[in-house]
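Colleague: Could you take me through this model, one topic at a time? I shall ask as we go.

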Amino acid sequence: MKSTDRAKRFSENFKQRITRQQALALAACAHCGICADSCHYYKVTGDPKMTPAYKADRIRRVFKRQFDWTGRFIPWWVGAEAVSEDEQLEELKEIFFGCCTGCRRCTINCPFGVDMAGLVSLTRSLLIDENMGPTGLIKVMRDQWTTGNQMAISDQDYLETLRWLQEEVREELDDPGVTIPVDKKGADFLYIVNPREIKYAPMSLMAATKIFHSAGLNWTMGSKGWDNTNYGLFSGKADLGRHMCNLAFTQAKILGVKQLVVSECGHGFRSMKWEAPIWGVKVETPIQVVSVLQLLAELISRGIIALDPRRNPLPVTYHDPCSLSRSSGLTEEPRYCLRRACLDFREMTPNRINSYCCTGGGGALSMTEYTPLRLRVTRIKASQIAATGAVSVVTSCHNCADGLADVIKANKLTAEVEPGVHRPVTVRTVCDCVANALILDSVSKQPLEPSKKL
Amino acid sequence: MDSRETSNTALFFLTELHTLALLFLVTAYAIKIAELMQKFSVETITPRTSKTLRAVCYAFALLVIPWRMDSYRRDPLRYAEFAVLHLAIATAIGTFATLQWTRAFCTREIVAIGLRGVFLSGAIVGLVRLCRRIARREMRLISTPDDYFSLLLVTAWLVSGWLAVPFAKELYLIVFLTIGTVCLFYEPFSKLFHYLYWPFLRYYMGQYFGHRGVYPVRPDSADQSVQNYKRYL
């Protein structure tokens, strides 16, 4: 295949797919440069090619060549340029996959509100269609298409892990009544998780099990459609996004539940709650999508579970996952939980919607070719964490948890646990902190009033 | 020459050419907006919430509450620059568009002092921005010939406005009107047109973040927020 064919197809698809919001974002930029200081890539590297305006300009030039009045006739005057060679597509790949996590920090700091993440999403999807996606990403996307989960965990392994976790929790609580229900019809909610919780971090699912059991909730997990992550969001491929959402909604419908509770996963929650309607996911019966953070906050605020913060005595800080804070508005619920579950909660600066990305980028870890640069730009997050003096950094996203582990490792981040004793900062989840602070005796033996049940 | 005495050249600029330029600009606006609506379909958006209107208002209001934006909070001077330059440009456009009726008003001392101050400060900011665009690597890299020329043109216009006020000297008046006319004719083909897109972008931004509960940014504490939000149990 000639390289020009690929470039032509890219340009043609670009013309067809671009939305009004994206066209506005491309047309409006006045090149004021204020976005530069919002970007962790630019702040750490100081490389002028890392400013969001420069990165966006790589695709903006294509837009200007096709749509701008001047760009069509005097392209050099406004920086317009057609894509005609594969090398240009390679450059786009490097930038839009390797140099931007789509965290939207530049968007909220832009006087116009140019949505960089939207441009990233569009460009990534166009590149993937031209078979120019990073190998690691293509693999996880294929796994989601074929197995229904990004880590290709087989049904047998998944169910065995749930049984094993159930035994672990029973043993820990010394309560044979603890169950992790699977496909329980008539449950109040279906709990969907990040495959990392099955394969690498089962403590998180154990923590959730303890909390749900203690609160006496009527819940279930699904044998299908249990992966809440969505590489449709990361890759910009709406068809995959729709597919993954449909798997979960279909399972919810089969089981007759009214709520989908999404475990601690930033882009998972964002996909199910906010992107699904954009991707055209149609659910016949209304199913409410709730984050486990909202559920935890409510369990605590209504006194359904009681916490003893002395069980988490060491200082902790909270990292706001971009997809939860800047793209879903969930900034207060985790803080509400942590202030009650931990004795010493410290804020990072800046925080909430101004927080810096951990470099996880909702899937960036799958692209190992960009790891060196990604690790380099972790410095800004590391300095934020170090400034708090916290022993643990808590987050509510498993992708961020991996990103933060890289931040800690790459920057050899340690904290003083006791006078003179330093150890590497640890990464925890909100569920983990809440479960650790649970006062089991006072709660689990109390019968729940009907109103407190889901 | 008295301000009331106007030569044929100045009269031509005042009544004919600048009216033509304004008409051209309005036509270009209409065509651009029509193009935007026809060529690009709006991305499906998430369902409205009760806070959508507030969020859209908040997105617009951020223009005058810069401390809510981290970029301007950290660098208030950049906001001051932005405010001064855009105020000066808006004043120049306003003066240009209405001069044939407001010329006498502009000759009043207090008005003239105000106008001169606005134009001069705007021109200084224009120069500062031009120098920054040339001096800083990251700015050079994102700058096109149009970026330099637009800024230069606007700065020159503001300088001519500063010199022309109170519009008593015909030469300065003609220079101010000429550059203004050039600006207006050039606008639709340049980055100067960015302000046309601003309301649209802010509207979509407000809607997008409003639906998701990001905008308006919640000023209350975590405790209040949790008590206030919808119950799930």
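Colleague: About how much area does chain A expose, and what share of it do carbon and sulfur atoms supply?

Modeller: Chain A exposes about 16200 Å², and carbon and sulfur atoms supply 51% of that area. Accessible areas come from the Shrake-Rupley method with a 1.4 Å probe, and for residues only the protein chains shown count as cover.

Colleague: Before we go on, what are the ground rules?

Modeller: This is a predicted model, in which local features need pLDDT of at least 70 and side-chain atom pairs count only at pLDDT 80 or more, while totals for chains, interfaces and linings use all residues. Residues are numbered from 1 along each chain as its sequence is written, chains are lettered from A and ligands numbered from 1 in the order in which they are written, and side-chain values use heavy atoms, with hydrogens and water left out.

Colleague: And chain B, what does it expose?

Modeller: For chain B the exposed area is about 11400 Å², with 68% of it supplied by carbon and sulfur atoms.

Colleague: How many helices and strands are there in chain A?

Modeller: Chain A has 24 helices and ten strands. Helices (H or I, at least four residues) and strands (E, at least two) are DSSP runs, numbered from the N terminus.

Colleague: Why is chain A described as being as compact as a globular protein of that length?

Modeller: Its radius of gyration is 23 Å, close to the 22 Å that the globule rule gives for 454 residues, so chain A is as compact as a globular protein of that length. The radius is taken over C-alpha atoms, and the rule is 2.2 Å times the number of residues to the power 0.38. Along its principal axes, the C-alpha trace of chain A spans about 75 × 55 × 35 Å.

Colleague: What percentage of the residues is buried in chain A?

Modeller: In chain A, 64% of the 454 residues count as buried. Buried means under 20% relative accessible area, exposed over 50%, and partly exposed in between (1.4 Å probe, protein chains only). In chain B, buried residues make up 47% of the 233 residues.

Colleague: How is chain B built, from the N terminus on?

Modeller: The elements of chain B run α-α-α-α-α-α-α-α-α-α; that is ten helices and zero strands. Among its contacts with a separation of 6 or more, 76% involve residues 24 or more positions apart. Contact means heavy atoms within 4.5 Å.

Colleague: Which domains does chain A have?

Modeller: Chain A is divided into domain 1 (3–133), domain 2 (141–303) and domain 3 (309–437). These bounds come from an automatic or database domain assignment. The C-alpha centres of domain 1 and domain 3 of chain A lie 30 Å apart, and 19 residues of domain 1 are in contact with 18 residues of domain 3.

Colleague: Changing topic, where are the cis peptide bonds that you noted?

Modeller: One joins A:Thr349 and A:Pro350, with omega about -10°. A:Pro350 is found in the loop between strand E6 (345–346) and helix H20 (371–376) of chain A. Another joins B:Val165 and B:Pro166, with omega about 10°, and B:Pro166 is found in the loop between helix H7 (145–164) and helix H8 (170–186) of chain B.

Colleague: What is phi for A:Asn131?

Modeller: Phi of A:Asn131 is near 60°, a positive value in a residue other than glycine. A:Asn131 is found in the loop between helix H9 (116–129) and helix H10 (135–147) of chain A, and it is exposed, with a relative accessible area of 63%.

Colleague: And A:Asp174, is that residue buried or exposed?

Modeller: A:Asp174 counts as exposed, at 69% relative accessibility. Its phi is near 55°, again a positive value in a residue other than glycine, and A:Asp174 lies in the loop between helix H11 (155–173) and strand E1 (189–192) of chain A.

Colleague: Last one: what is B:Tyr197 in contact with?

Modeller: Leaving aside its neighbours within four places in sequence, B:Tyr197 is in contact with A:Leu24, A:Ala27, A:Ala28 and B:Lys32. B:Tyr197 lies in helix H9 (residues 194–211) of chain B and is buried, with a relative accessible area of 8%. B:Tyr197 and B:Thr107 are 90 residues apart in sequence and 35 Å apart in space, C-alpha to C-alpha.
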